[in-house]
Amino acid sequence: MADRNTVDLLAAGLREAAGVFGPAASIARRERADGLIRVHIRLGPARHGHTPQWGVAAYDGGFVARELAQGIQQLRRDRELLAHRVPVDRPLAGAALLSPAAAGVFVHECFGHTSEADNYLAAQAAGADRRLGDRWTAAPLTVRDRPGARPYAGSYRHDDEGTLARPVTLLTDGRWTGLLTHRATRRLSGGRSTGHGRGRAGAALPRCSVLEVAPGPHPPAELLRRMGGGWLLGTPVGGWSVRGLVILELLWVRRVEGGRLTDEVRGPAVVCARKSALAARVSAIGSDPVVHSSPYTCVKEGHEVGSTLISPSLLLDRCVLRPLDQLTRAG
């Protein structure tokens with residue numbers, strides 16, 4: 001249980017949120033028996049791609065309280081941007097700066113799931129265009145999975161097979177260098193499981209936990225100047241991957257001209273591209289890592305695990321944005 005000071009801080013943050021957003025907001029706080037604290041705020045009835053929402057989950061009430069203050073700021077910004085957001089009425093192509101939150105979802109789907117050993121084996125059997133040792137990004141992107149990174153959601157000491165979990169470097173300077181394994185796939189990690197087996201007894205599968213992207217040398221303002229014109233990809237509302245594709249759903253995107261943000265805001269939008277093609281577009285890495293210890297779980301074959309994404313901004317030299325409802329109609 002959290003100490004009284006932490007409880008009071010969290011309660012004060014929740015009261016502030018209620019005062020800022022009013023009775024139309026849905027504000028929920030839950031604490032599991034294992035000490036995981038979840039807070040979720042939604043500004044109005046749930047409409048995918050149209051309702052601002054934010055959440056945090058961690059095994060430390062003080063961390064949750066501090067993140068709540070940042071979450072209130074994000075929701076206020078999202079609400080203001082949506083007030084003059086206009087629809088994406090055609091494909092929008094150009095350079096794109098992924099915000100830390102959007103970059104985290106991209107990395108989770110593109111590199112995290114792809115590096116789960118069972119997914120890797122299935123992709124190789126289907127003729128995947130990337131294999132361990134290949135280069136994914138021209139920029140020196142380094143990605144680690146750190147299951148022991150408390151107090152974040154998704155962290156743990158031993159996996160569900162009883163194996164001590166250890167960190168794994170999935171990408172090293174853009175090259176694919178590691179896989180997440182469990183007992184059945186341990187041959188892919190030197191004959192010893194990396195401790196990433198999660199799931200019911202006899203049905204565990206390799207899963208990512210706390211994914212962390214090493215920061216680069218470029219402040220966000222420098223990345224904007226470097227891209228010149230294009231789009232800032234803002235708050236993500238979803239992400240998934242299937243058959244070598246990565247899908248990133250966004251509440252809003254904002255036009256950049258001459259290295260500066262403009263007042264043009266569009267959305268909801270979606271990026272849907274081949275993983276290998278989009279990863280090859282990563283051209284620069286920001287110096288602004290942000291922790292997103294999420295209340296939303298990651299589901300694989302019906303089993304849910306916690307998820308934390310730690311990432312700086314990432315610059316893509318090109319991507320294509322489309323209306324979110326186009327993806328819905330296509331299924």
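**Exercise 1. Surroundings of threonine 235**

Which residues does threonine 235 touch, not counting residues up to four places away in sequence? State also where threonine 235 lies and whether it is buried or exposed.

Solution. The structure is a predicted model.

Step 1. Locate the residue: threonine 235 sits in the loop between β11 (230-233) and β12 (236-242).

Step 2. List the residues it touches. With residues up to four places away in sequence left out, threonine 235 touches Gln74, Arg77, Asp78, Glu249, Leu250, Leu251 and Trp252.

Step 3. Look for polar contacts between side chains. The side chain of threonine 235 has a polar contact of 3.0 Å with that of aspartate 78. Another polar contact, of 3.4 Å, links the side chains of threonine 235 and tryptophan 252.

Step 4. Apply the cut-off for burial. Buried means under 20% relative accessible area. The relative accessible area of threonine 235 is 7%, so threonine 235 is buried.

**Exercise 2. Glycine 55 and a partner far along the chain**

Find the strand that holds glycine 55, and work out how far apart glycine 55 and proline 295 are in sequence and in space.

Solution.

Step 1. Glycine 55 belongs to strand β3, which covers residues 53-58.

Step 2. In sequence, 240 residues separate glycine 55 from proline 295, while in space their C-alpha atoms are 5.7 Å apart.

Step 3. Check the contacts. Not counting residues up to four places away in sequence, glycine 55 touches Val39, His40, Ser293, Pro295 and Tyr296. Proline 295 is thus one of the residues that glycine 55 touches.

Step 4. The relative accessibility of glycine 55 is 16%, so this residue counts as buried.

**Exercise 3. Backbone exceptions**

Most peptide bonds are trans, and most residues other than glycine have a negative phi. Identify two cis peptide bonds and two non-glycine residues with a positive phi.

Solution.

Step 1. Examine the bond from arginine 150 to proline 151: it is cis, with omega near 10°. Proline 151 is in the loop between β5 (143-145) and β6 (168-172).

Step 2. Examine the bond between glycine 267 and proline 268: it is also cis, and its omega is about -5°. Proline 268 lies in the loop between β15 (260-266) and β16 (269-274).

Step 3. Turn to phi. Aspartate 173, which is not a glycine, has a positive phi of about 50°. Its loop runs between β6 and β7 (175-176). With a relative accessible area of 42%, aspartate 173 is partly exposed.

Step 4. Arginine 243 is not a glycine either, and its phi is positive, about 50°. Arginine 243 is found in the loop between β12 and β13 (245-250). Its relative accessible area is 73%, so arginine 243 is exposed.

**Exercise 4. The chain as a whole**

Decide whether the chain is as compact as a globular protein of its length, then describe its burial, contacts and charges.

Solution.

Step 1. Count the elements: the chain contains seven helices and 20 strands.

Step 2. Compare the radii. The radius of gyration is 20 Å, close to the 20 Å given by the globule rule for 331 residues, so the chain is as compact as a globular protein of that length.

Step 3. Note the dimensions: the C-alpha trace spans about 55 × 50 × 40 Å along its principal axes.

Step 4. Of the 331 residues, 53% are buried.

Step 5. Take the contacts between residues at least 6 apart in sequence. Of these, 70% join residues at least 24 apart.

Step 6. Count the charges. There are 44 positive and 31 negative side chains, and the centres of the two sets are 3 Å apart.

Technical notes. Residues numbered from 1 in each chain as written. Predicted model: local features only at pLDDT ≥ 70, side-chain atom pairs only at ≥ 80, totals over all residues. Heavy atoms only, no water. Helix = DSSP H or I, 4+ residues; strand = E, 2+ residues; numbered from the N terminus. Rg over C-alpha atoms; globule rule 2.2 N^0.38 Å. Buried < 20%, exposed > 50% of the residue type's maximum accessible area, 1.4 Å probe, protein only. Contact = heavy atoms within 4.5 Å. Lys, Arg positive; Asp, Glu negative; His and termini not counted. Charge placed at Lys NZ, Arg CZ, Asp CG, Glu CD. Polar contact = N/O pair within 3.5 Å; in protein donor to acceptor, adjacent residues only side chain to side chain.
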